[in-house]
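Q: Please show the sequence and the model. Then go through some of the residues with me.

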Amino acid sequence: MGAVEFVALLLAGVGPVLALARWLRLPPTIALFGAGLAAGLIPGPAPMSVDPDLAIGLFLPPIIYAGTVRATPQLLRHVLLPGVITGVAVALTTILAVAGSAHWVLLPGLSWTGAVLLGVTASLFDTRLFQEADAHPHVPRTLADALKAREMASRIVALTALALALSTLRQNEAPAFGEAALTISWQWLGSALAGMAIGRSVLWLRDRAGPAPIEIAVSLATPYLGALAARGLGLSLAVVVITAALTVSAARVNRETGEARSSAEARISAMAFWEEASLLLSSVLFFLAGLGLPGALGGLGNWPVWRAVAAVAGILALVLGIQWVGSLASTRLPPLREALTEEGASGRMTAAGVMAWASTRSVIGLVVVLSVPAAWPDGRPFAERELLLVVASGVILGSVLLQGLTLRRIIQGAKLSGRGQAKREEDRARQVATDARHEVGKDAVHPEGLAAERRALLGLREHDELGDEALRRLLREADLRKRASESDASPGAAPPNP
């Protein structure tokens with residue numbers, strides 16, 4: 001099968017597999033992995049391999065961007081200690097602990113480069129299943145915010161470690177500690193500045209783009225511009241893309257005037273576009289992981305399958321333990337500490353368990369193992385690549401299967417004090433928005449009324465009285481009203497019913 005036929009078959013198959021998984025009530029991730037595995041077991045030529053640079057350059061930027069552009073910078077500010085700082089500490093601890101245990105205990109003889117790559121894979125997590133489990137009504141919003149901030153922090157730390165590990169693999173020499181520290185400092189600072197510049201440039205261009213489809217095309221260019229800047233300047237891909245996404249998110253609506261920078265049509269369509277892009281890319285990655293697994297199992301060489309399975313179980317247990325300890329520490333930090341005041345010591349332990357169980361391993365980990373080159377710089381095969389693919393896929397799929405199938409029940413059974421908090425905040429926000437429109441004497445579709453509503457909602461988010469999810473939902477409702485009013489007012493619109 002040629003490359004064109006393979007890509008066409010892949011894109012044509014994702015939708016039906018997702019629909020079938022929903023009909024059978026199977027986790028979509030497992031269904032896609034199984035479809036890829038079945039395709040890999042079909043007799044015939046070896047399945048296509050994924051070029052390492054393609055894996056990083058094509059898949060990674062939009063996945064990171066799609067997961068970040070839904071958030072606001074206020075999220076990171078309000079949960080700096082339990083979210084960002086704890087996230088950095090947990091990610092570093094996970095990388096070191098998994099690498100050490102893999103090198104010395106679980107997979108004795110594994111090179112340090114391979115061990116660090118496994119640690120990077122294990123440290124990456126996301127909150128997608130947490131969102132799908134409809135968890136917000138059952139936990140304090142601050143807990144959900146802290147999880148989202150930790151997700152971003154883990155990506156920055158893990159992908160920085162990935163860049164160092166791949167550099168070591170390609171140069172066959174580890175950098176000195178001082179050199180590595182200087183490189184990381186430059187990468188993070190320079191990446192933040194580059195991300196802000198890209199975000200501002202994209203906003204300037206979108207202001208002049210015109211129709212919604214063109215605005216979305218400009219939006220699509222944002223993560224890839226970040227990837228090009230990171231590659232050309234030797235910066236951190238994660239920091240550049242995350243900073244660009246937060247810059248765009250922060251400037252969607254002018255805080256002072258309440259005016260939106262783009263059309264309602266573009267904002268509504270862009271939200272749906274990025275949700276769909278994230279779904280498709282994640283689906284393709286799980287399919288590719290399943291497709292490559294038979295070949296990886298055949299290339300294990302001297303590594304027995306039972307040892308790879310034992311390594312998967314050991315890494316999963318270690319990761320969950322580290323997540324729980326880090327989560328327990330974060331429950332003692334403001335503002336999460338205040339949000340859990342009523343829970344007591346046992347409630348804090350329960351909340352830590354919920355946070356640890358909600359942190360499922362991320363599909364980005366598959367990009368990590370798919371990005372590993374097949375050979376050392378001198379041409380020698382990197383024999384551990386197949387082992388890394390088997391173990392990393394097992395860790396990610398085991399986490400999704402184990403935690404994903406039980407997450408909803410665990411969250412609901414925890415009975416934390418956040419039950420109803422999100423609804424109360426959203427109801428209050430609706431009332432504040434209504435009052436803001438009444439103050440300016442305009443209705444819910446008048447431009448001045450909509451601007452007053454947006455200002456009020458942004459003010460609530462600024463003071464941490466409203467979460468990002470509720471803010472995005474309420475702003476989307478305002479956009480839908482505006483779009484409906486514009487459709488009714490268009491020359492071709494049907495006259496209202498008498």
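Q: What is the relative accessible area of R483?
A: This is a predicted model, in which local features need pLDDT of at least 70, side-chain atom pairs count only at pLDDT 80 or more, and totals for chains, interfaces and linings use all residues. Residues are numbered from 1 along each chain as its sequence is written, and side-chain values use heavy atoms, with hydrogens and water left out. Buried means under 20% relative accessible area, exposed over 50%, and partly exposed in between (1.4 Å probe, protein chains only). R483 counts as partly exposed because its relative accessible area is 29%.

Q: Which side chain meets that of R483 in a salt bridge?
A: A salt bridge is a side-chain nitrogen of Lys or Arg within 4 Å of a carboxyl oxygen of Asp or Glu. The partner of R483 is partly exposed, with a relative accessible area of 32%. The two side chains meet at 3.3 Å, N to O, and the partner is E265.

Q: How many residues apart in sequence are E265 and R483?
A: Helices are DSSP runs (H or I, at least four residues), and strands are too (E, at least two), numbered from the N terminus. E265 belongs to helix 12 (residues 264-298) and R483 to helix 20, so their salt bridge ties together parts of the chain whose separation in sequence is 218 residues.

Q: What is the N to O distance in the salt bridge of E453 and R437?
A: Both residues are buried: E453 has 4% relative accessibility, and R437 has a relative accessible area of 12%. E453 is in helix 19 and R437 in helix 18, 16 residues apart. Their side chains meet in a salt bridge, and the N to O distance is 2.8 Å.

Q: Where does D464 lie?
A: D464 is not a glycine, yet its phi is positive, near 60°. D464 also forms a salt bridge with R461, with the closest N and O atoms 3.2 Å apart. R461 counts as buried, because its relative accessibility is 1%. The place of D464 is the loop between helix 19 (447-462) and helix 20 (468-489).

Q: Which residues are linked with R461 and D464 in a network of salt bridges?
A: The structure holds 22 salt bridges. R461 and D464 belong to a network of them, and the residues linked with this pair are R141, D145, E425 and D468.

Q: What is the phi of K415?
A: K415 lies in the loop between helix 17 and helix 18 (421-440). K415 counts as exposed because its relative accessible area is 65%. K415 is not a glycine, but its phi is positive, at about 55°.

Q: Which residue is joined to P334 by a cis peptide bond?
A: The partner of P334 lies in the loop between helix 13 (305-330) and helix 14 (336-339). The bond is cis, with omega about 0°, and the residue joined to P334 is P335.

Q: What separates the C-alpha atoms of V368 and I56?
A: V368 lies in helix 16 (residues 364-370) and is buried, with a relative accessible area of 1%. Neighbours within four places in sequence aside, V368 is in contact (heavy atoms within 4.5 Å) with L117, V120, T121, L124 and L162. I56 is 312 residues away along the chain, and the C-alpha separation is 7.9 Å.

Q: What share of the residues in the protein is buried?
A: The protein has 20 helices and two strands. Of its contacts between residues at least 6 apart in sequence, 82% join residues at least 24 apart. The protein has 498 residues, and the buried share is 51%.
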